[in-house]
Amino acid sequence: MTATPFEKTILPNGTRLMLIPLPGVESVATSVMVGVGSRYEEKTTNGISHFLEHMVFKGTQKYPTTDDVNFIERLGGLQNAYTDIDITCYHNKVLSEDWKSGLEINKELALFPRLEQKHVDKERDVILEEMKRYEDEPAAKVGEMFHQMLYPATKLGMRIIGEVKPLRAASSSTLKAYHEKWYQPERTVVVLAGKMDTIAPIKHQVDEWFGTIPAKTTGTIEKVAEKQVAPKVKILTKPDAQQAHITLGVRTIARGSEERFAWNIFNLLFGVSFTSRLFKEIREKRGLCYAIRSSHDHYEDVGNWSIYAGVATEKVSEAVGAIMGELTKVVESGVTEGEVAIAVKRMKTMVAFRAEDPEFMNEWYGRQEVYRQPIMTLASYVKRIESVTKQEIDRVVRKYIVPKTLNLAVVWKKSEDTRLLDLLRV
């Protein structure tokens, strides 16, 4: 693989522009990313980042109605947005000839929403229904529980979708004040990835649209201090649950850690897809589950790694014991050279496939810039992945898979089961 070129421009007011030309495609993915999300909220406004992301689609200064806002679909494009813990993104994918339209609507959504009170109550009800849907999805609920176990009483531990009380209290003025505080040039990154015949018109347009917004300093996030000294179990009882859903994991590394490359390869070989240890042992050999997978989340200051499985209620103890057995085995004996070689090849292939997608490239470069990380091209990433060794993986596994930071969340139809805590031993 060769390095994909990118061009970064910083406007005088602090807005950043990332351009990633991709030969051989006919589309372009545009986005406006803002470095704000649920961990920037207060308890009294929890959920407002997500609420705001919903409300902008009700109308902007130039496109005052929802039908006006949705004109990208009439161009044949794909349009959406998402809110995360530390980023909000407005994005679309259009034919390259429509790049200006794609970027303009993202500009309107991010910078100039109307946020009219007449739409607030109706959209609040939509979000409350969305919240109920999550409550009825045990697989999603157990992941949320696990996250809250790790970061209790912190802003990082608050729900992205929010809580009912602050959502009911939110008004047009609440949304406008939050937007005014956080949607500032220093937190804004404009990204285009895909076919670009020339970049001068794009740069000129971005400067015209985004460069005139007055600069304003925003606040900072509350940092999290890791204090866990013993394993924990948390159980949610859902009487109608047909299956038990478990998430088991540990505290690991922050976003910029050099250990992330070894951990990425370990995660792949241990818990992702058919060739992983967890799939072969827990599903294929023991038949304890249909779905099992591992994943990791990294933030500016902390991180975690977790394993999710859906199992029969009467087999939870057996499944947890089997997973702990695999964790113990990898801590004691490490990984094999063969596993590392296969995982590296898989990762390289995954990266190659994704590099052909303008939306992925938009996310790859945009997120790094929002988080103010040194920009790593995909070619550089692959080169670093290729250098990961068995010894490097064994070292990080033994460093982070330790009993004191083990956490187990369970959603099932039973009540508390104190015996589960005794299984959390490596």
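This is a short tour of a predicted model, one selection at a time.

**Stop 1: the whole chain**

Start with everything showing. The protein chain holds 17 helices and 11 strands. Its radius of gyration is 23 Å, close to the 22 Å that the globule rule gives for 426 residues, so the chain is as compact as a globular protein of that length. Turn the C-alpha trace around, and you'll find that it spans about 60 × 50 × 40 Å along its principal axes.

How much of the chain is buried? Buried residues make up 56% of the 426. As for the outside, the chain exposes about 18900 Å², with 53% of that supplied by carbon and sulfur atoms. Now think about which parts of the sequence meet: among contacts with a separation of 6 or more, 81% are between residues 24 or more positions apart.

**Stop 2: helix 1**

Select residues 48–55, which form helix 1. Is this helix mostly covered or mostly open? It's mostly covered, with eight of its eight residues buried. They include His50, Glu53 and His54. Show what surrounds them, and you'll see the buried residues packing against strand 4 (78–83), strand 5 (88–95), helix 5 (117–135), helix 7 (164–169) and helix 8.

**Stop 3: helix 1 meets helix 8**

Keep helix 1 on screen and add residues 172–182, which are helix 8. The two axes come within 10 Å and cross at roughly 100°. An angle from 65 to 115 degrees counts as roughly perpendicular, which is why helix 1 is described that way relative to helix 8.

Show the side chains where they meet. On the helix 1 side, look for Ile48, Ser49, Phe51, Leu52 and Met55; on the helix 8 side, look for Thr174, Leu175, Tyr178 and His179. Sort this contact by class and you get six nonpolar, three polar and no charged residues.

**Stop 4: histidine 179**

Stay in helix 8 and pick out histidine 179. Its relative accessibility is 11%, and under 20% means buried, so this histidine counts as buried. Which residues does histidine 179 touch, leaving aside neighbours within four places in sequence? They are Leu52, Ala110, Leu111, Pro113 and Leu115.

**Stop 5: two loop residues with positive phi**

One of those contacts, Leu115, is the next selection. Leucine 115 sits in the loop between helix 4 (99–111) and helix 5. Its phi is positive, about 55°, although it is not a glycine. At 3% relative accessibility, leucine 115 counts as buried.

Now jump to alanine 153, in the loop between helix 6 (138–150) and helix 7. This residue other than glycine also has a positive phi, near 60°. Is alanine 153 buried or exposed? At 85% relative accessibility, it counts as exposed.

**Stop 6: helix 11**

Select residues 277–285 for helix 11, where the buried residues are Arg277, Leu278, Phe279, Glu281 and Ile282. Their packing partners include helix 10 (260–271), strand 9 (289–298) and helix 13 (337–354). Just after helix 11, click on glycine 287, which takes a positive phi of about 65°.

**Stop 7: helix 13 beside helix 15**

Finish by showing helix 13 with helix 15 (residues 378–386); they pack at an angle of about 175°, with axes 10 Å apart. That makes helix 13 roughly antiparallel to helix 15. Val344, Met347, Lys348 and Val351 of helix 13 make the contact with Leu378, Tyr381, Val382, Ile385 and Glu386 of helix 15. By class, this contact has seven nonpolar, no polar and two charged residues.

Methods: Residues numbered from 1 in each chain as written. Predicted model: local features only at pLDDT ≥ 70, side-chain atom pairs only at ≥ 80, totals over all residues. Heavy atoms only, no water. Axes fitted to C-alpha atoms, helices over the stretch in contact; angles between N-to-C directions. Helix = DSSP H or I, 4+ residues; strand = E, 2+ residues; numbered from the N terminus. Parallel < 35°, antiparallel > 145°, perpendicular 65-115°, else oblique. Contact = heavy atoms within 4.5 Å. Nonpolar A, V, L, I, M, F, W, Y, C, P; charged D, E, K, R; others polar. Buried < 20%, exposed > 50% of the residue type's maximum accessible area, 1.4 Å probe, protein only. Rg over C-alpha atoms; globule rule 2.2 N^0.38 Å. Areas by Shrake-Rupley, 256 points an atom, 1.4 Å probe, with all protein chains shown as cover.
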